[in-house]
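This briefing covers two residue environments and then the chain as a whole. Please read it alongside the sequence and the coordinates.

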Amino acid sequence: MKKMKFQEKWKKFAMCIAVAAAVLAASKAIPAYAGDFTDAITLPTNGTWSGKCELAEKTTDYYKFSVSTAGEADIKIMTYTPNLECTLYDANFNEIRRRNSYSGSETSPNTETIDWWLSQGTYYVSVSSRFEKSGNYKLYLSFTSSGITAADKDSYDSPQNMPLNGKVKGVFTYSNQEDWYKVKISSAGKYKYICQRSSKSRTTCHLYDKNLTELDTMKFYSSDTETKEVELKSGTYYIKIAGNEIGGTYTCQFNDVIPVKGDILADSKNQAQYKVTKAGRKGGTVTYQKSTNGAKTSITIPATVKIDGITYKVTGIASSALKGNSRVKKVTIGKNVSSIGANAFSKCTSLKSITIPSNVKSIGKQAFYNCKNLKTITIKTKKLTSSKVGTNAFKGIYKKATIKVPKSKFSAYKKMLKKKGVGTKVVYKKLS
């Protein structure tokens, strides 16, 4: 009898508990999900508000969402009760950001926002009361993908590759605030790295050598694009691009600096200037413009010149290149020169001898005008014609100068040179 009475009482108690649970569940317009993170319900990322949810006393509601790429999450909570708080966590349940709503009522709700850049992965959102009281709320989540997978695990020891003259795209997030890249350079020269950011995230670019010695730093201030030129030797270099928790995307490229046609190049070693006539890291050509040392008495116009790691053929001598240079006594012209400009050596009154190499096809007017001490001219080229040698090209040279010409061109050149200003007392000789 006692056993039956106990069983009846137990059934009544269990029924009361079940009814109470049903009443509690039914009291919510949209069920809230109290419990722990394992009970979290998926929160849509499509930018729509949830229905009104009721937070029970002394409970916390949990949600989760997953994203396949890095991007910007916009989480909003609309509170109909003061002192509710919304918290964002990463996959390991570390708190990322918390927003407290200190106001809100059923007639005038309050909205708070968590706007954060996140890497790909799973995240959790909790809603709770600061004073463990009940209250109503709505949630909203939109996610704008960057289309980029955040490189959360890269480092100096495990860098990403940056192709020379290529472009990389990256993203800063809560968990990824710096990216490492490695770039290989095959030849010494000038290089330019360009970084562009999409947000006002504090951004810096650091350039290191293979020993992690910092060579250069580029900081963003008011501009969203920064550019630096550096001179580097061949080898391996590292670039660290650092942002902060504000997040955002960036692009970076590392280019070799190749002068374009028309650029003026300085050769500090040989104290001369050149003008680019054909651009390129390979196959480029230049024209000798002038000497930058007016005191030199011997000048070499080389066959090739290497400037900023790029080797060029010297294929021409510019007009007026050494005009009026009264100090120079000797000029050596490289084998790749094919043209000598007008007035190139005009009034070089101390110049005593010159050899015109075998590839020269044209000589401008007055090229050697009034070189009154020019006593020896050796012409190796067989490519000159009267139309390719300018007026008075040799007028005013030493009256009894010796001119050596190719044997096969002896008669033709003698006749042509006379028309171009050479006097009658000049001695002609045949080159063997």
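His206 lies in strand S15, which covers residues 204–208. The model is a predicted one. The surroundings of His206 are described below, followed by those of Tyr250 and by the overall figures.

**His206**

- The relative accessible area of His206 is 14%, so the residue falls under the 20% limit and is classed as buried.
- A polar contact of 2.7 Å joins the side chain of His206 to the side chain of Glu214.
- Glu214 also appears among the residues in contact with His206 once neighbours within four places in sequence are set aside, together with Asp216 and Thr217.
- The other members of that contact list for His206 are Tyr238, Ile239 and Lys240.

**Tyr250**

- Tyr250 belongs to strand S19, made up of residues 248–256.
- Tyr250 has a relative accessibility of 3% and is therefore counted as buried, the limit being under 20%.
- The side chains of Tyr250 and Tyr181 form a polar contact at 2.7 Å.
- With neighbours within four places in sequence left out, the contacts of Tyr250 include the run Val168, Lys169, Gly170, Val171 and Phe172.
- Tyr250 is also in contact with Asp179, Tyr181, Gln196, Arg197 and Ile241.
- Ser198 is 52 residues away from Tyr250 along the chain, yet their C-alpha atoms are separated by 5.9 Å.

**Fold and dimensions**

- The protein contains 2 helices and 32 strands.
- Its radius of gyration is 41 Å, whereas the globule rule gives 22 Å for 432 residues; the protein is therefore more spread out than a compact globule.
- The C-alpha trace extends over about 150 × 45 × 35 Å along its principal axes.
- Of the contacts with a separation of 6 or more, 66% are between residues 24 or more positions apart.

**Burial, surface and charge**

- Of the 432 residues in the protein, 43% are buried, and both His206 and Tyr250 are in this class.
- The protein has an accessible surface of about 22,700 Å², and carbon and sulfur atoms contribute 49% of that area.
- The protein carries 71 positive and 32 negative charges, and the mean positions of these two sets lie 31 Å apart.

Methods: Residues are numbered from 1 along each chain as its sequence is written. This is a predicted model: local features need pLDDT of at least 70, side-chain atom pairs count only at pLDDT 80 or more; totals for chains, interfaces and linings use all residues. Side-chain values use heavy atoms; hydrogens and water are left out. Helices (H or I, at least four residues) and strands (E, at least two) are DSSP runs, numbered from the N terminus. Buried means under 20% relative accessible area, exposed over 50%, partly exposed in between (1.4 Å probe, protein chains only). Contact means heavy atoms within 4.5 Å. A polar contact is a pair of N or O atoms within 3.5 Å; within protein, one must be able to donate a hydrogen and the other to accept it, and residues adjacent in sequence count only if both atoms are side-chain atoms. The radius of gyration is taken over C-alpha atoms; the globule rule is 2.2 Å times the number of residues to the power 0.38. Accessible areas come from the Shrake-Rupley method with a 1.4 Å probe; for residues, only the protein chains shown count as cover. Lys and Arg count as positive and Asp and Glu as negative; His and the chain ends are not counted. The place of a charge is taken as NZ of Lys, CZ of Arg, CG of Asp or CD of Glu.
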